[in-house]
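The following exercises ask the reader to examine a structure and reason through its parts. Each task is followed by a worked solution.

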Amino acid sequence: MSIHMETSKKEIKVSNIKMLEDNHKKYIYVPSINGLFEIDDTIYYILSSHNKSMAEIYNQLKEKIEENEFYNIIDSLIENKIINDTNEKKPLETEKIKNISALTLMMVQECNLRCKYCYAGDGEYNEKGRMSIKTAKSTIDYLMVQSGERDDLSIVFFGGEPLLNFSVIKQTVEYAKLQAKLHNKKIGFSMTCNGTLINKEITKYILENNIAVQVSVDGNQDEHDFNRFYGNKKGSYDVIINRTKELREQKQLGVRATITPENVDLVEIYNHLFELNFRSIYAAPAIQMFSEEQFTDLSESYNTLISYFEELVNNKEYYKAVKLNNIMKNLERIHIGHESTYFCGAEVNFLAVDINGDLYPCHRFVNNKEYKQGNIFEGINSISKSEFLAEAHVSNRLNCNNCWAKNLCGGGCHHENLEMTGKVTMPPLHYCILTQKQLEATLYLYLRLTEEQREILLEKKNTKEFVRNGNQN
């Protein structure tokens, strides 16, 4: 009698893995350990035998493999949670997430533009106003204390349009540098603005203080001005391009393009922004504007962008390829086995502070007062913090638990989920389908890259060098 007699009756239950075939080779992506592995025909057959008994599977393989070897493979697959995973949920140890490393300061809750897709109600977040220097300084004090032993800190100036409060930004930078020195910490600054208020004085200040700035440009002039305009409907493209010329030349300016149903040609958008010499380029959809059918067009556009990326790499135009942040981000996650238990760092390592000093998981939640987490004067509400961290964890996403992509995706933007489905825990289904398709296409791209190409693209020092020294000439 076989020593595996009892085991042989058990059925194979294949976990939520992703099986891939490329260039006559077979691979699996295993989300539980965030690994991508080449497999042989035996393992491929086993993993293609969901709900079959082990005895039934072995009978089909016994001409090729010894019984003990077969069950050794089975044991290894179980150990690595590739089959028969019990899927036990680990308790969330949210109390361990205590210290933050960054704060987003809502310098202004108002804006000089009236963009169509603004999630903040003309930048006001339901409460128009500007942050005082007293509140800004208290925010810096809060960060110094709440960062604990973390010594590499960040301040993000946000709005609305933060440059409407430039004088307070300058005072805040000065105070933050002083406090960082007193607390033996390093501090960096970044800012997201619309670019329309940048002038010579502001440009000089940004360069002198090494503030990383990101503006929004949605592509060419027609595409941009269709959605991003002043109250009188005049487009903002010309103003932004004219006012940011020096920062772009100094490689101090990144750009974010918002994708809308009328503007889904990602290759065209990236090519236009390449020509403008932005330091980095990121494109993201305003998902609330897309219908299920329109997400199909966006998915096809992403596939075209991957082909374009591959063409750049094969032509050794790495300085361009590394600026395609949408693709690079996913490649890096695959390469290092990144696990996105959270979609982003909201509440995990950063918080947003509104004009009154109230704390929120991130800037997007500032107009959702029920997500207020406390304030910088009295501290954070530990119960609210723990509840949000539990709610935001990918294991609590209602349609993520059976998804192979969950640990590369993280379950979608918390606030976009809330806006689209009414629940932080529930990403909209068409967004999930889009993300799965994008990640699958990126897995295949990763497999097609040579070892040399992966090293050149995905070694951090190389990427930084391309960004610093690359050009579009």
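Two strands pair if DSSP finds at least two bridges between them. The model examined here is predicted.

**Exercise 1.** Determine how many bridges join strand 13 to strand 14, and in which direction the two strands run.

*Solution.* Strand 13 covers residues 358-360 and strand 14 covers residues 374-375. Two bridges join them. Since the criterion for pairing is at least two bridges, it is therefore met. The two strands run antiparallel, and Asp358 stands opposite Asn375 in strand 14.

**Exercise 2.** Describe the sheet of 10 strands and identify its edge strands.

*Solution.* The sheet is open, and its strand order is 11-10-9-8-7-4-12-13-14-15. The pairing is mixed. At the edges are strand 11 (281-285) and strand 15 (379-380), each of which pairs on one side only. Helix 11, formed by residues 266-275, lies across strand 10 (253-259) and strand 11. Helix 11 runs at about 145 degrees to strand 11.

**Exercise 3.** Classify the packing of helix 3 against helix 4.

*Solution.* Helix 3 (residues 54-61) and helix 4 (residues 67-79) pack at an angle of about 130 degrees, and their axes are 11 Å apart. An angle of 65 to 115 degrees would count as roughly perpendicular and one over 145 as roughly antiparallel; the two helices are therefore oblique to each other. Their crossing is right-handed. Helix 3 contributes Met54, Ala55, Ile57, Tyr58 and Leu61 to the contact, while helix 4 contributes Glu67, Phe70, Tyr71 and Ile74.

Definitions and conventions: Residues numbered from 1 in each chain as written. Predicted model: local features only at pLDDT ≥ 70, side-chain atom pairs only at ≥ 80, totals over all residues. Heavy atoms only, no water. Helix = DSSP H or I, 4+ residues; strand = E, 2+ residues; numbered from the N terminus. Contact = heavy atoms within 4.5 Å. Axes fitted to C-alpha atoms, helices over the stretch in contact; angles between N-to-C directions. Parallel < 35°, antiparallel > 145°, perpendicular 65-115°, else oblique. Left-handed = near helix turned anticlockwise from the far one by under 90°.
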